[in-house]
Amino acid sequence: MRPLALLISSYLLLGVCPAPAQRISATPPKFTVSPRQKVNFRKIKVNRRKARWITIRNQGGGNINVSWSGHPSDEFSTQYGGTALSSNTRFKLKFWFQPNDSGRFEVPLVFTTDDPQRPEVTILLTGVGFFR
């Protein structure tokens, strides 16, 4: 039996398979977020709900892990907490603003990534609640 055939049959008999080779990208991950600085929900009646989208992207090579968090707030919410983005992909996040009182609301939203150039990116979520 040839050495390669013997090696393959040994792996099959033992149920062991080597990990597949991973492609190493020369281009590092590049995290971007849009809008870049602020998401303004504008004015909305108290106890109503309004949605806005934020797009995150990996415009570089390799995979990138992204998580996000904001300071505790009952007025702003989302259904996600983190994701992994492969090279040259994007992910749309839906955020809601639902004021439970009148006034101006502002919460920093912090994205944490393993992008070596941008490990943390902060944008503001803002909105105004009013009675009528």
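## The big picture

Of this protein's 132 residues, 30% count as buried. Keep in mind as you look around that this is a predicted model. The surface it exposes comes to about 9000 Å², and carbon and sulfur atoms supply 51% of that.

What is the chain built from? One helix and nine strands make up its secondary structure. Read from the N terminus, the order is α-β-β-β-β-β-β-β-β-β, so the helix comes before the strands, with helices and strands numbered from the N terminus. Now take the contacts between residues at least 6 apart in sequence: 67% of them join residues at least 24 apart.

## Inside the core

In soluble globular proteins, nonpolar side chains tend to be buried together. Here, the largest nonpolar core has 22 residues, and Ile54, Ile56 and Phe111 have the most contacts inside it. Several strands chip in with at least two core residues each: β1 (31-34), β2 (38-45), β3 (50-58), β4 (64-70), β7 (89-97), β8 (103-113) and β9 (120-130). Which strand gives the largest share? That's β8, with four residues.

Let's zoom in on isoleucine 54. Setting aside neighbours within four places in sequence, what does isoleucine 54 touch? Its contacts are Val33, Ser34, Pro35, Val39, Phe91, Lys92, Leu93, Phe95, Leu109, Phe111, Ile123 and Leu125. Notice that Phe111 is on that list; Phe111 is also one of the residues with the most contacts inside the core.

## One salt bridge

Side chains of opposite charge can pair when their charged atoms come close. How many salt bridges does a search of the whole structure find? Just one. In it, the side chains of arginine 104 and glutamate 106 meet, at 3.5 Å from N to O.

Are these two partners buried or exposed? Arginine 104 counts as exposed, because its relative accessibility is 55% and the cut-off for exposed is over 50%. Glutamate 106, at 45%, is partly exposed.

## A buried charge without a partner

Next stop: the loop between β8 and β9, where you'll find aspartate 115. Aspartate 115 is buried but has no salt bridge. Why not? The nearest side chain of opposite charge, arginine 118, is 5.8 Å away, and a salt bridge has to be within 4 Å.

So what is around aspartate 115? Not counting residues up to four places away in sequence, aspartate 115 touches Pro29, Lys30, Phe31 and Ile64. With phenylalanine 31 there is a polar link: the backbone nitrogen of phenylalanine 31 lies 2.7 Å from a polar atom of the aspartate 115 side chain.

Key: Residues are numbered from 1 along each chain as its sequence is written. This is a predicted model: local features need pLDDT of at least 70, side-chain atom pairs count only at pLDDT 80 or more; totals for chains, interfaces and linings use all residues. Side-chain values use heavy atoms; hydrogens and water are left out. A nonpolar core is a set of buried Ala, Val, Leu, Ile, Met, Phe, Trp, Tyr and Cys residues joined through side-chain atoms within 4.5 Å. Buried means under 20% relative accessible area, exposed over 50%, partly exposed in between (1.4 Å probe, protein chains only). Contact means heavy atoms within 4.5 Å. Accessible areas come from the Shrake-Rupley method with a 1.4 Å probe; for residues, only the protein chains shown count as cover. Lys and Arg count as positive and Asp and Glu as negative; His and the chain ends are not counted. A polar contact is a pair of N or O atoms within 3.5 Å; within protein, one must be able to donate a hydrogen and the other to accept it, and residues adjacent in sequence count only if both atoms are side-chain atoms.
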